[in-house]
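Trainee: I'm new to this one. Can you walk me through it?
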Amino acid sequence: MATMDIFEGDAFTIIELTRALENIPFKPAILSGASLFSPRGVRSRIPDAYREEFLFASEHVSPGTAIAALLSIKAAVANYEEHFGGDWSQQQKWIDQQLGELWAMRGPYPGMGAVLCAMGVEHGYQLAYHCWEEAGENGDPWPVLATLVGDRNNLPGDLKSQVEGFADTWDYLASKRGSDRLAYGKLLARFDITMPQVMRWWDESSRSNAGINLSGAELSDAAIVGNPYLLYECDRDQPESIAFETIDHAGAGFSDNRESNIGCHGRYDGCNLWAVGGMLSPCSTRGSPG
C-alpha cells in the first residue's frame, strides 16, 4: 500500500517550494513576471481621472463618474467569478441595470450646457436643462433648441432674453455655411466635459492659445470630428485634462450612436493605439516634454 510521510518526505513542503524559487535565475521583479500570479485583480478601483470626486467619502458624483465606477466593479466581479467560481449573474444583471439608468440620466449630450456657454449663451447650462426636459429621457435636445430659437414665446423671461441674443449665432450654425461648426459643437456635447475644457477646445484660436497641437500643426475641427480620441490624447498635459474614459464612454448606451464617430471598434487611431499599450498620437501641449 502506497503511503506518504507528510513529516519527512512530502515533496510539496514550504522548504521545497522555496528551493524551487531559488533555482530561478534572479532578475529584478522576476516574481511578478514568472507567471505565478494573474495580472488581473478582483478589487475594483476608481479610475484616476475621477478620483477627486470620491474624496472625503463623497455621496454624490456625476453620472459619468458613476458609470466609470460601476464598470470597474463589473470587471472586478467578472474576474472574481473567473478565479473563484460561483454564480454572480444576479450581481452582474444589477450592475447592468444601474448602468442603463445612469446612461439615461446622463443623456446623449451631457456636455451641451458647456458647449452652449462656448457658443455665447450666458447661462448655457440652464438652457441645456430646459432642452433636456422638453426632449424627454434619452431624447435629442438639439431639435428642441432649434424650435425654441424660432419660437421664444413659451420660454421663461430670463431664458427668453438669452435665446434672443443667441438667435444670430444659431442662424449661422444652422445654415450650410456653419454646419461643420454645429457638427463639431454637437460632438463636444456628447462628452461629459466641463466649460473650461470646452473653452480651450472650442476653435483653432482657443486651441492655439492653450498650446494644443498635433505634431506642431494646428488641429482642425474636422480632424477632431474624424478622431474624437484626440480630445484625450492632446489634452493630457492640460489642467483638469479630459479623461480617456470620458471620450470612450460617450458612444456606449445608445442604440443609434447619434452623429457620433465614437466607439472602440478598430476605426480610430486613438483607440487602436491605446489598446496596444499606450502608444499615443504625437499630440503636444504647452509645457509638455515635446
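Mentor: Let's fix one term to begin with. Buried means under 20% relative accessible area, and exposed means over 50%. So D221, at 16% relative accessibility, counts as buried. Keep in mind that this is a predicted model.

Trainee: OK. What is the secondary structure of the chain?
Mentor: The chain has 14 helices and two strands.

Trainee: And how much of the chain is buried?
Mentor: Of its 290 residues, 38% count as buried.

Trainee: What about the accessible surface?
Mentor: The surface of the chain comes to about 17,200 Å². Carbon and sulfur atoms hold 54% of that.

Trainee: Which share of the contacts joins residues at least 24 apart?
Mentor: Take the contacts between residues at least 6 apart in sequence. Of those, 60% join residues at least 24 apart.

Trainee: Back to D221. What does its side chain meet in a salt bridge?
Mentor: One partner is R181, at 2.6 Å from N to O. D221 lies in helix α11, residues 221-226, and R181 in helix α8, residues 179-189, so the pair ties together parts 40 residues apart in sequence.

Trainee: Is R181 buried or exposed?
Mentor: Buried. R181 has 17% relative accessibility, so it falls in that class.

Trainee: You said "one partner". Where does R207 come in?
Mentor: R207 also forms a salt bridge with D221, and the closest N and O atoms are 2.9 Å apart. This pair links distant parts of the chain too: R207 sits in helix α10, residues 204-209, and D221 in α11, 14 residues apart. R207 is buried, with a relative accessible area of 1%.

Trainee: Which residues end up in one network, then?
Mentor: R181, R207 and D221, joined by salt bridges that share partners.

Trainee: Why would such side chains pair at all?
Mentor: Side chains of opposite charge can pair when their charged atoms come close.

Trainee: How many salt bridges does the count come to?
Mentor: Three. The one we haven't covered joins R200 and D235, at 2.8 Å from N to O. R200 lies in helix α9, residues 195-201, while D235 is in the loop between α12 (230-233) and α13 (244-248), so the pair ties together parts 35 residues apart in sequence.

Trainee: Are R200 and D235 buried or exposed?
Mentor: R200 counts as buried, at 11% relative accessibility. D235 is buried as well, with a relative accessible area of 0%.

Trainee: Change of topic. How many disulfides does a search of the whole structure find?
Mentor: Zero.

Trainee: What about the cysteines C117 and C131, buried or exposed?
Mentor: C117 counts as buried, at 15% relative accessibility. C131 is buried, at 0%.

Trainee: Which helix holds C117?
Mentor: Helix α4. Eight of the eight residues of α4, residues 112-119, are buried, so the helix is largely enclosed by the rest of the structure. Among them are M112, V115, L116 and M119.

Trainee: What follows α4?
Mentor: G120 does, and its phi is positive, near 115°.

Trainee: Which residues other than glycine have a positive phi?
Mentor: S215 is one of them, with phi near 55°. E240 is another, with phi near 50°.

Trainee: Where are S215 and E240 found?
Mentor: In loops. S215 is in the loop between β1 (213-214) and α11. E240 is in the loop between α12 and α13. D235 from the salt bridge with R200 lies in that loop as well.

Trainee: Buried or exposed, those two?
Mentor: S215 is exposed, with a relative accessible area of 53%. E240 counts as exposed, at 62%.

Trainee: Last topic. Which residues form a nonpolar patch on the surface?
Mentor: Y125, M195 and M199 do. Together they have about 280 Å² of accessible area.

Trainee: Where is M195 placed?
Mentor: In helix α9. That helix also holds R200. M195 counts as partly exposed, at 34% relative accessibility, whereas R200 counts as buried.

Definitions and conventions: Residues numbered from 1 in each chain as written. Predicted model: local features only at pLDDT ≥ 70, side-chain atom pairs only at ≥ 80, totals over all residues. Heavy atoms only, no water. Helix = DSSP H or I, 4+ residues; strand = E, 2+ residues; numbered from the N terminus. Buried < 20%, exposed > 50% of the residue type's maximum accessible area, 1.4 Å probe, protein only. Contact = heavy atoms within 4.5 Å. Areas by Shrake-Rupley, 256 points an atom, 1.4 Å probe, with all protein chains shown as cover. Salt bridge = Lys/Arg side-chain N within 4 Å of Asp/Glu carboxyl O. Disulfide = S-S within 2.5 Å. Patch = residues over 30% accessible without salt bridge, like charges linked within 9 Å, V, L, I, M, F, W, Y side chains within 5 Å.
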